[in-house]
Amino acid sequence: MSGRDPAGKARLWLAPVGRSQPPVIVPNAQGDEPHFGANDEVYFRGADDESRLHIYRVEKDGRGLRKAISTPIQHFGGLSPDGQWAIAFAQLASGKGLFTQAFPLDGGRALPLYVGGANSNTVSWTADGRFLLLAGGITTGALLESAAETSLIPIPEGKTFPDFPAGGYQPATIKEVPGYRVISSGGVAPGPVSEVFAFTRQAVQRNLYRVPLP
């Protein structure tokens with residue numbers, strides 16, 4: 001998890017799920033949006049000396065701190081199930097806008113995934129690896145609301161990703177993918193099997209008041 005230390009710096013904390021011990025800080029790491037990788041490494045979003053955001057990786061004891069990818073990002077969405085790809089919202093290599101992309105951790109070109117008209121997108125996999133879930137966030141004022149739909153894209157057997165088009169999926173083309181399915185909600189989390197999902201529903205209630213002025 002991430003949080004602030006007494007000095008107000010963004011830190012990463014490790015704590016047992018059963019709360020048997022108090023949280024401890026991961027040394028030498030400042031940032032947020034943490035995710036566990038292979039060999040208990042921690043991946044997270046942190047700033048470099050020029051205040052640009054990157055994905056970093058570090059061992060739980062604070063050793064081996066280094067950038068996971070060289071591309072600056074805005075948001076870090078996690079790792080693929082095989083631990084070989086980092087999902088991030090970042091500038092395209094062509095410089096033509098921001099896009100949700102998969103970055104290979106061993107180097108190589110990023111894979112554009114989905115734009116969806118949103119300012120960021122979440123990417124996840126079903127537990128059996130049969131479907132990729134794509135859902136976006138829609139900014140409304142100061143609130144980040146869940147997208148209206150989550151797309152489920154079939155993944156060919158033995159692969160980590162579907163066969164994406166060169167420019168990634170667009171709203172007009174994603175529904176044409178064979179086997180495409182949709183869940184009419186955002187914020188969808190995959191369950192233990194590909195037919196079970198969890199999601200949240202949000203509602204905002206406001207009232208109008210009349211206040212007499214002198």
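**Confidence**

Colour the protein by pLDDT: confidence is lowest in strand β13 (residues 131-140), at a mean of 66, and highest in strand β6 (residues 53-58), at 96. The model is predicted, and pLDDT is the predictor's confidence in each residue, from 0 to 100. The mean over the protein is 83, with 90% of the residues at 70 or more.

Now select residues 137-147. Here pLDDT stays under 50, and the model has 23 contacts beyond four places in sequence for this stretch. Where pLDDT is low, the predicted coordinates should not be read in detail.

**The whole chain**

Zoom out and show the cartoon. The protein has 17 strands and one helix. Along the principal axes, its C-alpha atoms fill a box of roughly 70 × 50 × 40 Å. Of the 214 residues, 37% count as buried. Turn on the surface: the accessible area is about 13,000 Å², and carbon and sulfur atoms account for 53% of it.

**An open sheet**

Select β4, β5, β6 and β7. These four strands form an open sheet in the order β4-β5-β6-β7, with antiparallel pairing. Which strands stand at the edges? They are β4 (32-36) and β7 (66-67); each has a single partner strand, so one side of each is left without a neighbour in the sheet.

Stay with β6 and β7, which pair in the antiparallel sense over two bridges. To see one of the residue pairs, select Tyr56 and its bridge partner in β7, Lys67.

Next, move to the loop between β5 (42-47) and β6, where Ser51 is found. Ser51 is not a glycine, yet its phi is positive, at about 65°. Its relative accessibility is 61%, so Ser51 counts as exposed.

A second residue of this kind is Asn28, in strand β3 (residues 24-30). Asn28 has a positive phi near 70° and is a residue other than glycine. With 54% relative accessibility, Asn28 counts as exposed.

**A buried strand and its two neighbours**

Select strand β10 (residues 98-104). Is β10 largely enclosed or largely open? Six of its seven residues are buried, so β10 is largely enclosed by the rest of the structure.

Add strand β9 (residues 85-91), which pairs with β10 in the antiparallel sense over seven bridges. At one point of this pairing, Gln91 stands opposite Leu98 in β10. The hairpin of β9 and β10 has six residues between the strands, and Gly95 there takes a positive phi near 80°.

Then add strand β11 (residues 111-114). β10 and β11 pair in the antiparallel sense over three bridges, and the bridge partner of Ala102 in β11 is Leu111. This hairpin has six residues between the strands, with Gly107 at a positive phi near 95°.

**Charged pairs**

Show the side chains of Lys, Arg, Asp and Glu. Side chains of opposite charge can pair when their charged atoms come close. A search of the whole structure finds twelve salt bridges.

Begin with Lys60 and Asp40, whose closest N and O atoms are 3.7 Å apart. Lys60 lies in the loop between β6 and β7, and Asp40 in the loop between β4 and β5, so the pair ties together parts that are 20 residues apart in sequence. Both are partly exposed: Lys60 has a relative accessible area of 39%, and Asp40 one of 45%.

Next, select Glu59 and Arg63, which meet in a salt bridge at 3.2 Å, N to O. Glu59 is partly exposed, at 30% relative accessibility, whereas Arg63 is exposed, at 53%.

Move on to Glu195 and Arg181, whose side chains meet in a salt bridge at 3.3 Å, N to O. Glu195 is in the loop between β16 (189-190) and β17, while Arg181 is in strand β15 (residues 181-183); they are 14 residues apart. Glu195 is exposed, with 53% relative accessible area, and Arg181 is partly exposed, with 31%. Now select Asp32, Glu33 and Arg45, which are joined into one network by salt bridges that share partners.

**A nonpolar patch**

For the last stop, select Tyr209, Val211 and Leu213. These residues form a nonpolar patch on the surface, with about 440 Å² of accessible area together. Leu213 lies in the segment after β17 (197-198). Its relative accessibility is 76%, so Leu213 counts as exposed.

Conventions:
Residues are numbered from 1 along each chain as its sequence is written. Side-chain values use heavy atoms; hydrogens and water are left out. Contact means heavy atoms within 4.5 Å. Patches are made of residues with over 30% relative accessible area and no salt bridge: like charges are joined within 9 Å, nonpolar side chains (Val, Leu, Ile, Met, Phe, Trp, Tyr) within 5 Å. Accessible areas come from the Shrake-Rupley method with a 1.4 Å probe; for residues, only the protein chains shown count as cover. A salt bridge is a side-chain nitrogen of Lys or Arg within 4 Å of a carboxyl oxygen of Asp or Glu. Buried means under 20% relative accessible area, exposed over 50%, partly exposed in between (1.4 Å probe, protein chains only). Two strands pair if DSSP finds at least two bridges between them.
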